[in-house]
Structure formats: C-alpha cells, structure tokens
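Walk through this model with me, one contact at a time. We start with charged side chains, then turn to the core and the pocket.

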Amino acid sequence: MNRPALDQWRIFLKCMELRNFTRTAEALDTDPAYVGKAIARLEAHLDGPLFIRTRPRLTPTWLAELYVERVSAAVHEVDRLLAEARSSGRKEGRPNGRKPL
C-alpha cells in the first residue's frame, strides 16, 4: 500500500480542527467527497478509524488523538522547509531553486 500523501495529512489536520467534512472541504476549497475519501485512505493505511462520524460532527478516535500532534509538527516542518527552499531560490536569482548548469 502506498504511503499517505501530505495532502491527506493536511485534510486530517483540518478535520481535527473543524470536526466536519463539509466545513473542511469549504476551508480547503475542495469537494466534501474528496475529504471523505482522503480520510478513508488514511484510515485504511492506519488500519483503524480516525473519526466517529455522527452528523453533523466528527469525533476523533484514540487513533486520531495519537497522531494529531506529531502529524501537525511534521506538516508544519515540511511547510517551513518548502518556504525556505522557495525563498533561497529567489534570493540567489534562481526562480525555481535550481543551480544553473
């Protein structure tokens, strides 16, 4: 099975914050079905449910609570690294961050 994509972890974090697939989709400017599928793929990878789904609210399971802090730190670190890479490329006159040949 493939590893979860960063996008799926971002959706997970937003679901933890908003506790609702529809509001998460609106906040991320995507479709609620996409949010549900992303969470389902994460759950399949982790072999357990992340949320108890009771309309209109999502209730995090112990598995979600176990992962949220570490996932949040990891996603924020990746965002920081990406921002650094973009910034250093621009500072050196390389819009795409690549060294000239």
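Asp-79 is partly exposed, with a relative accessible area of 27%. This is a predicted model. The partner of Asp-79 is Arg-10, and the two form a salt bridge whose closest N and O atoms are 2.6 Å apart. What does this pair tie together? Arg-10 lies in helix α1, residues 6-18, and Asp-79 in helix α4, residues 62-91, so the bridge joins parts that are 69 residues apart in sequence. Arg-10 is partly exposed too, at a relative accessible area of 28%. Side chains of opposite charge can pair when their charged atoms come close.

In total, the model has 5 salt bridges. One of them joins Arg-53 and Glu-43, at 3.0 Å from N to O. Arg-53 sits in strand β1 (residues 51-54) and Glu-43 in helix α3 (residues 32-46), so this bridge ties a strand to a helix across 10 residues of sequence. Is Glu-43 buried or exposed? Glu-43 has a relative accessible area of 12%. The cut-off for buried is under 20%, so Glu-43 counts as buried. Arg-53, by contrast, is partly exposed, with a relative accessible area of 41%.

Now go back to helix α4. Here Glu-84 and Arg-80 meet in a salt bridge, with N and O 2.3 Å apart. The two residues are 4 residues apart in the helix, so about one helical turn separates them. Both ends of the bridge are partly exposed: Glu-84 has 45% relative accessibility, and Arg-80 has 40%. The pair also belongs to a network of salt bridges, which links Glu-77, Arg-80 and Glu-84.

Next, the nonpolar side chains. In soluble globular proteins, nonpolar side chains tend to be buried together. In this model, the largest nonpolar core has 21 residues. Which residues have the most contacts inside it? They are Trp-9, Phe-12, Cys-15, Ile-39, Leu-50 and Phe-51. Helices α1, α2, α3 and α4 are the elements that give two or more residues to this core. The largest share comes from α1, with 6 residues.

Take Ile-39 as a way into the core. Leave aside its neighbours within four places in sequence. Ile-39 is then in contact with Ile-11, Phe-12, Cys-15, Phe-21, Leu-50, Phe-51 and Arg-53. Among these contacts are Phe-12, Cys-15, Leu-50 and Phe-51, which are also on the list of residues with the most contacts in the core. Arg-53 is on the contact list as well, and this is the arginine that pairs with Glu-43.

Gly-36 lies in helix α3. Its relative accessibility is 18%, so Gly-36 counts as buried. Its C-alpha atom is 9.8 Å from that of Phe-12, a residue 24 places away along the chain.

Finish at the largest pocket. Its volume is about 170 Å³. What lines it? The lining consists of Asn-20, Phe-21, Thr-22, Arg-53, Thr-54, Arg-55, Pro-56, Arg-57 and Leu-58. The elements that give two or more residues to this lining are α2 (21-27), β1 and β2 (57-60). By character, the lining divides into 3 nonpolar, 3 polar and 3 charged residues. Two names here are familiar. Phe-21 and Arg-53 line the pocket, and both are in contact with Ile-39. Arg-53 therefore appears in three settings: the bridge to Glu-43 in helix α3, the contacts of Ile-39, and the pocket lining.

Terms used: Residues are numbered from 1 along each chain as its sequence is written. This is a predicted model: local features need pLDDT of at least 70, side-chain atom pairs count only at pLDDT 80 or more; totals for chains, interfaces and linings use all residues. Side-chain values use heavy atoms; hydrogens and water are left out. A salt bridge is a side-chain nitrogen of Lys or Arg within 4 Å of a carboxyl oxygen of Asp or Glu. Buried means under 20% relative accessible area, exposed over 50%, partly exposed in between (1.4 Å probe, protein chains only). On a 1 Å grid over the protein atoms alone, a cavity is a set of points where a 1.4 Å probe fits but cannot get out, and a pocket is an open set with protein on both sides within 12 Å along at least five of seven lines; lining residues have an atom within 4 Å of a point. Grid points are joined across faces, edges and corners, and a volume is the space filled by probe spheres set on the points. Ala, Val, Leu, Ile, Met, Phe, Trp, Tyr, Cys and Pro count as nonpolar, Asp, Glu, Lys and Arg as charged, and the others, Gly among them, as polar. A nonpolar core is a set of buried Ala, Val, Leu, Ile, Met, Phe, Trp, Tyr and Cys residues joined through side-chain atoms within 4.5 Å. Contact means heavy atoms within 4.5 Å.
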